[in-house]
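Take a moment to turn the structure around on your screen before reading on. We will walk through it together, step by step.

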Amino acid sequence: MTGTVGVPVDSCEPPPDRSDTELWRAAAGGDHPAFTELFERHVQSVWNHAYRLTGSWASAEDLTSTTFLTAWRRRADITLIRDSALPWLYTVAGNLARSEHRSTGRRLRLVRRLPEPRSVSDHADTVVDQLDGEDRLRQVLALVAKLPKSQRQAVELCLLGDLSFADAAELLGVAEVTVRAHISRARTQLRAALEEK
């Protein structure tokens with residue numbers, strides 16, 4: 001059936017949403033709009049995950065950008081799990097955050113060797129008072145970083161990354177019950193560590 005100008009009536013309807021797998025395949029073939037659609041679909045979730053991993057808005061912005069840059073560069077090599085790009089994107093963000101954390105630790109050790117500067121009072125004191133929430137998040141993230149690897153990965157994917165236990169289990173190559181056990185043990189250890197502080 002055609003419309004008044006010879007255009008099929010069905011072509012006026014918006015195309016159905018493509019799955020992440022379809023978009024990823026198209027992007028791997030050079031379809032820039034497909035990758036843009038994937039970016040727009042998942043950027044907020046990846047930013048939220050990055051913020052929960054770093055406790056910093058600026059770091060979350062940088063981490064999100066680097067995660068999608070990595071995705072663009074490796075789009076032809078990626079196999080998606082359960083037709084969602086999020087597990088892979090969360091894993092990339094987690095790996096990047098850990099690398100940045102190690103680099104920051106090295107820089108801090110170097111800075112500690114420098115002589116103490118004279119203390120000068122400025123408006124930064126007011127800003128510091130407003131960052132208590134970020135400090136608390138950083139404390140929790142520091143405790144998460146000390147967990148055994150299997151527990152840390154489960155926490156990062158499920159509690160910080162909002163993945164389901166089933167998706168995390170598939171991504172980690174373990175049974176779902178194992179992921180649940182790791183989360184339970186991690187919660188117990190985190191609760192005890194926070195109570196000590």
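What follows is a tour that goes from the whole chain to one helix and then to pairs of charged side chains.

Keep in mind from the start that this is a predicted model. Let us begin with the overall picture. The secondary structure of the chain consists of 9 helices and 0 strands. If you trace the sequence from start to end, you meet the pattern α-α-α-α-α-α-α-α-α. The chain has 197 residues, and 35% of them are buried. Its exposed surface comes to about 12700 Å², with 53% supplied by carbon and sulfur atoms. Now think about which residues touch each other. Taking contacts between residues at least 6 apart in sequence, 61% join residues at least 24 apart.

Next, pick out one helix, α3, which covers residues 57–73. How far apart should its end C-alpha atoms be? The helix has 17 residues, and at 1.5 Å a residue it should span 24 Å. The end C-alpha atoms are indeed 24 Å apart, so the expected span and the model agree.

Now look at which way the side chains of α3 point. Ala60, Leu63, Thr64, Thr67, Phe68 and Ala71 are buried. Because these residues cover an arc of only 130 degrees around the axis, they sit on the same side of α3. Ala58, Asp62 and Arg73, on the other side of α3, are exposed. You can also find a cap at the N-terminal end of this helix, provided by Ser56. A side-chain oxygen of Ser56 lies 3.4 Å from the backbone nitrogen of Ala58.

Let us turn to charge. Side chains of opposite charge can pair when their charged atoms come close. How many salt bridges does the structure hold? There are 5, and we will visit some of them.

Start with Arg41 and Asp20, which form a salt bridge whose closest N and O atoms are 2.6 Å apart. This pair links distant parts of the chain: Arg41 belongs to helix α2 (residues 32–54), Asp20 belongs to helix α1 (residues 20–28), and the two are 21 residues apart. Are the partners buried or exposed? Asp20 has a relative accessible area of 4%, so it counts as buried. Arg41, with a relative accessible area of 33%, is partly exposed.

Our next pair stays within one helix. Glu156 and Arg152 meet in a salt bridge with an N to O distance of 3.7 Å. Both residues lie in helix α7 (residues 149–160), 4 residues apart, which is about one turn of the helix. Glu156 is buried, with a relative accessible area of 11%. Arg152 is also buried, because its relative accessibility is 13% and the cut-off for buried is under 20%.

Finally, visit helix α9 (residues 176–196), where Glu176 and Arg180 are found. Their side chains form a salt bridge at 3.0 Å, N to O. Because Glu176 and Arg180 are 4 residues apart in this helix, about one helical turn separates them. Glu176 is partly exposed at 33% relative accessibility, and Arg180 is partly exposed too, with a relative accessible area of 42%. Salt bridges can also share partners, and in this model such sharing joins Asp20, Glu37 and Arg41 into one network.

Conventions. Residues numbered from 1 in each chain as written. Predicted model: local features only at pLDDT ≥ 70, side-chain atom pairs only at ≥ 80, totals over all residues. Heavy atoms only, no water. Salt bridge = Lys/Arg side-chain N within 4 Å of Asp/Glu carboxyl O. Buried < 20%, exposed > 50% of the residue type's maximum accessible area, 1.4 Å probe, protein only. Expected span 1.5 Å × (residues − 1). Arc of directions from axis to C-beta. Polar contact = N/O pair within 3.5 Å; in protein donor to acceptor, adjacent residues only side chain to side chain. Contact = heavy atoms within 4.5 Å. Areas by Shrake-Rupley, 256 points an atom, 1.4 Å probe, with all protein chains shown as cover.
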